[in-house]
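Biologist: I'm new to reading protein models. Could you walk me through one, feature by feature?

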Amino acid sequence: ADVFGPPGRKKLIFFIDDINMPTPDKYGTQESIALLRMHFDYGFWYDRIKMTLKEIVNIQFLSAMNPKAGAFNILDRLQWHYG
C-alpha cells in the first residue's frame, strides 16, 4: 500500500464545514459522507486506476454543522466516529 501523510512527526487536521448539508439519497446514504466513513472505518482509500490501497496517516478530522440549514443531524453511522 502507498502511504501518504504529513512529513515527519507532523499532524494534518481536516476541517469539514457544514457536514450536515448533503441530503441522503433514497437508500439513506450520502456519497460524500460515505467517503469519509470509509477512511474512518478502514484508514485507507482505494486507487481505482492502480487497484491498490492508499493509506492516509497522521490526520484528524474536525467538523461543524450548520444550525440553520441542512438535515440538522448526521447519520448514526458517521456520528459514532465523533463520540
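Biologist: Where is Met51 found?

Modeller: Look in the loop between strand E3 (44–47) and strand E4 (52–56); Met51 sits there. Keep in mind that this is a predicted model.

Biologist: Is Met51 buried or exposed?

Modeller: For that we use relative accessibility, and anything over 50% counts as exposed. Met51 has 67%, so it is exposed.

Biologist: What about its backbone? How do I read phi?

Modeller: Start with the general habit: most residues other than glycine have a negative phi. Now the case here: Met51 isn't a glycine, yet its phi is positive, near 60°. Asn58 has a positive phi too, about 60°, and is not a glycine either.

Biologist: Where is the place of Asn58, then?

Modeller: Asn58 is in the loop between E4 and strand E5 (59–63). Its relative accessibility is 32%, so Asn58 counts as partly exposed, as the label covers values between 20% and 50%.

Biologist: Which residues is Lys11 in contact with, leaving aside neighbours within four places in sequence?

Modeller: Pro6 and that Asn58 we just met. Lys11 itself belongs to the loop between strand E1 (2–4) and strand E2 (12–16). With a relative accessible area of 57%, Lys11 is exposed. For a sense of distance, the C-alpha atoms of Lys11 and Thr29 are separated by 30 Å, and these residues are 18 apart along the chain.

Biologist: Okay, now a buried one. Why does Asp47 count as buried?

Modeller: Buried means under 20% relative accessible area. Asp47 has 12%, so it falls in that class. Asp47 lies in strand E3. Setting aside residues up to four places away in sequence, Asp47 touches Thr52 and Lys54. A polar atom of the Asp47 side chain also lies 2.9 Å from the backbone nitrogen of Ile49.

Biologist: And which residues make the nonpolar surface patch?

Modeller: Ile13, Phe15 and Leu62 make it, and the patch is about 320 Å². Take Ile13: it is found in strand E2, and its relative accessibility is 52%, so it counts as exposed.

Biologist: Last thing: where is confidence lowest, and where is it highest?

Modeller: Check pLDDT, the predictor's confidence in each residue. The protein's mean is 85, and 94% of its residues reach 70 or more. Confidence is lowest in helix H2 (residues 76–79), at a mean of 78, and highest in E2, at 93. Strand E2 is where you'll find Ile13.

Note on methods
Residues are numbered from 1 along each chain as its sequence is written. This is a predicted model: local features need pLDDT of at least 70, side-chain atom pairs count only at pLDDT 80 or more; totals for chains, interfaces and linings use all residues. Side-chain values use heavy atoms; hydrogens and water are left out. Helices (H or I, at least four residues) and strands (E, at least two) are DSSP runs, numbered from the N terminus. Buried means under 20% relative accessible area, exposed over 50%, partly exposed in between (1.4 Å probe, protein chains only). Contact means heavy atoms within 4.5 Å. Patches are made of residues with over 30% relative accessible area and no salt bridge: like charges are joined within 9 Å, nonpolar side chains (Val, Leu, Ile, Met, Phe, Trp, Tyr) within 5 Å. Accessible areas come from the Shrake-Rupley method with a 1.4 Å probe; for residues, only the protein chains shown count as cover. A salt bridge is a side-chain nitrogen of Lys or Arg within 4 Å of a carboxyl oxygen of Asp or Glu. pLDDT is the predictor's confidence in each residue, from 0 to 100. A polar contact is a pair of N or O atoms within 3.5 Å; within protein, one must be able to donate a hydrogen and the other to accept it, and residues adjacent in sequence count only if both atoms are side-chain atoms.
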